[in-house]
Amino acid sequence: MLVLFETPAGFALFKVLDEGKLSKVEDLWKEFSTTDSARKVVKLKAFSKFENTSEALSAATLLIDSKPSKGLRKFLKAHCDGETLGVADSKLGNAIKEKLQIDCVHNNAVMELMRGVRSQLTELITGLGSQDLAPMSLGLSHSLSRYKLKFSPDKVDTMIVQAIGLLDDLDKELNTYAMRVREWYGWHFPELAKIVQDNILYAKAVKLMGDRVNAAKLDFSEILPEEVEAELKEASMISMGTEVSDLDLENIKDLCSQVLSFSEYRAQLYDYLKSRMNTIAPNLTALVGELVGARLIAHGGSLLNLAKQPGSTVQILGAEKALFRALKTKHATPKYGLIYHASLIGQAAPKHKGKISRSLAAKAALAIRYDALADSQDNTMGLENRAKLEARLRALEGKELGKSAGSAKGKPKIEVYDKDRKKGAGALITPAKVYNPAADSVIGHTENEEKMSIDGQPSQIKEAAEEVPVTEGEKNKKKKKKKKSAETEDNAVGTDGAEPEDTGKKEKKKKKKHADEVESVEVEKSKKKKRKHADADEDEAETTDKKKDKKKKKKKTEE
């Protein structure tokens with residue numbers, strides 16, 4: 001049996017001298033405690049040395065992928081005829097068996113044998129000292145690490161950081177230049193600013209038109225709609241603007257061309273940013289969009305730095321100033337930062353924005369880690385999480401849930417609103433109030449209507465009686481009556497809970513008393529009315545007497 005051992009200097013084949021000792025795996029380490037005992041177990045049969053570092057690196061990278069190199073295949077063909085080969089990797093053994101038809105073994109005994117060989121490697125291989133092996137292994141490890149850490153140019157997120165920064169700068173410059181065009185050309189044609197609201201269309205119209213006199217002859221159909229074009233031509237005929245020289249118009253046109261070129265470059269840059277975001281962070285883009293995702297990456301510094309942040313940090317990223325101000329003043333902390341501009345939070349109602357932003361930040365943190373550390377380039381995870389968030393948003397708003405939310409409830413019942421009814425109960429809070437015109441007058445009511453107020457029901461006579469001012473004597477009478485009624489009730493309750501026999505008589509007395517009170521009120525009312533009429537008659541008599549005296553005096557003066 002042979003054992004294949006890989007070293008930084010080359011491949012070594014060891015011959016197992018005593019295969020019986022492999023059956024005792026637990027005691028095998030004792031055989032390699034000393035150099036002499038190790039030489040009794042294994043012996044070096046052949047050694048294939050690497051010619052340079054590049055060959056060693058290529059062989060090591062192939063072994064990591066469980067593939068034999070070309071030099072290893074030649075080496076094994078030459079020295080492994082009819083022998084079983086012990087290997088440290090089962091996948092490598094399967095590859096050797098398929099290509100070279102050499103039986104390979106991988107078990108605990110072989111692994112323990114490998115450990116023993118590694119401990120006595122410099123003694124078992126002649127000419128390979130520890131002072132030479134250490135720098136070889138260090139150099140190979142550095143080369144291997146450099147090879148493994150190769151970065152794909154498609155995964156460099158520095159381009160996204162620069163692109164989103166340039167996009168924001170372009171937006172500011174475009175806005176400044178467009179306002180300058182409006183202000184400058186507004187001296188010549190001020191009405192155009194209200195007719196054309198869009199900055200880009202305004203710049204195109206100014207560049208095409210030049211002097212406002214040319215507007216009637218030109219065709220703006222490629223730039224503006226028909227209604228706006230007609231309004232522009234009408235306004236150009238009656239404009240209140242000042243005259244401008246041709247040199248001024250040329251400079252204004254140059255500024256318009258600058259605005260248009262900036263807008264074209266901005267559109268091109270946005271397409272570039274969109275493609276880079278779909279390549280580098282497809283799941284984050286599916287959740288929050290290209291612009292918000294790019295701003296999060298730019299704020300975090302890189303995609304890897306952003307992947308180290310928890311969901312709570314991603315949620316308020318961009319609102320650090322408000323956060324520390326809230327902590328300092330002991331107020332409520334902000335619920336969202338840059339993530340507020342995501343479309344999902346924009347769809348939510350104001351009272352649900354905090355909940356949705358928290359859920360979206362948690363899913364975005366997972367998507368960022370998946371994009372930064374996973375090898376796959378698909379956005380399935382982002383789309384699934386977005387569907388879950390949309391289902392949660394519908395659940396919060398009380399809408400019908402879809403199949404993705406795991407529920408199939410129907411639409412909520414819509415009941416007719418009634419302000420007089422309590423929620424969840426059928427009883428009225430207050431009775432419906434209706435105006436009763438018969439309550440305006442008390443005269444002419446019968447005794448039956450007067451008796452209605454005694455049973456606790458609101459009556460017209462009672463309302464009229466309450467409106468009449470009550471004198472002090474009447475108040476004292478009412479107090480005495482109340483005391484008497486209270487005493488009679490106490491006497492009735494005190495007789496062992498038994499009711500008195502003459503309850504009917506007392507009720508009749510109460511009714512008569514109440515009727516008497518109402519009659520007295522009516523009498524007083526009628527007396528007051530008579531007094532008013534008498535006073536009015538006296539006033540009229542006085543005025544007539546005065547008029548007669550005046551007439552007599554006039555006649556005397558005339559005579």
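## Two helix pairs and a sheet

In this predicted model, helix α12 (residues 246-280) packs against helix α14 (residues 290-300) at an angle of about 75 degrees, and their axes lie 10 Å apart. Angles of 65 to 115 degrees count as roughly perpendicular. Therefore α12 is roughly perpendicular to α14. From α12, the contact uses Tyr270, Leu273, Lys274 and Met277. From α14 come Glu290, Leu291, Gly293, Ala294 and Ile297.

A second pair is formed by helix α19 (residues 353-373) and helix α20 (residues 380-397). Their axes come within 10 Å and cross at roughly 170 degrees. Angles over 145 degrees count as roughly antiparallel, so α19 is roughly antiparallel to α20. On the α19 side, the contact includes Lys355, Ile356, Leu360 and Tyr370. On the α20 side, the residues include Met381, Asn385, Arg392 and Leu396.

The table gives the classes of the contact residues.

| Helix pair | Nonpolar | Polar | Charged |
|---|---|---|---|
| α12 with α14 | 6 residues | 1 residue | 2 residues |
| α19 with α20 | 9 residues | 2 residues | 3 residues |

Now for the strands. The model has an open sheet of 5 strands, in the order β3-β2-β1-β4-β5. Its pairing is mixed. Which strands stand at the edges? They are β3 (42-49) and β5 (104-105). Each has a single partner strand, so one side of each lacks a neighbour in the sheet. Strand β4 (residues 85-86) pairs with β5 in the parallel sense, over 2 bridges. Here glycine 86 stands opposite valine 105 in β5.

Methods. Residues are numbered from 1 along each chain as its sequence is written. This is a predicted model: local features need pLDDT of at least 70, side-chain atom pairs count only at pLDDT 80 or more; totals for chains, interfaces and linings use all residues. Side-chain values use heavy atoms; hydrogens and water are left out. Axes are lines fitted to C-alpha atoms, for helices over the stretch in contact, and angles run from 0 to 180 degrees between N-to-C directions. Helices (H or I, at least four residues) and strands (E, at least two) are DSSP runs, numbered from the N terminus. Angles under 35 degrees count as roughly parallel, over 145 as roughly antiparallel, 65 to 115 as roughly perpendicular and the rest as oblique. Contact means heavy atoms within 4.5 Å. Ala, Val, Leu, Ile, Met, Phe, Trp, Tyr, Cys and Pro count as nonpolar, Asp, Glu, Lys and Arg as charged, and the others, Gly among them, as polar. Two strands pair if DSSP finds at least two bridges between them.
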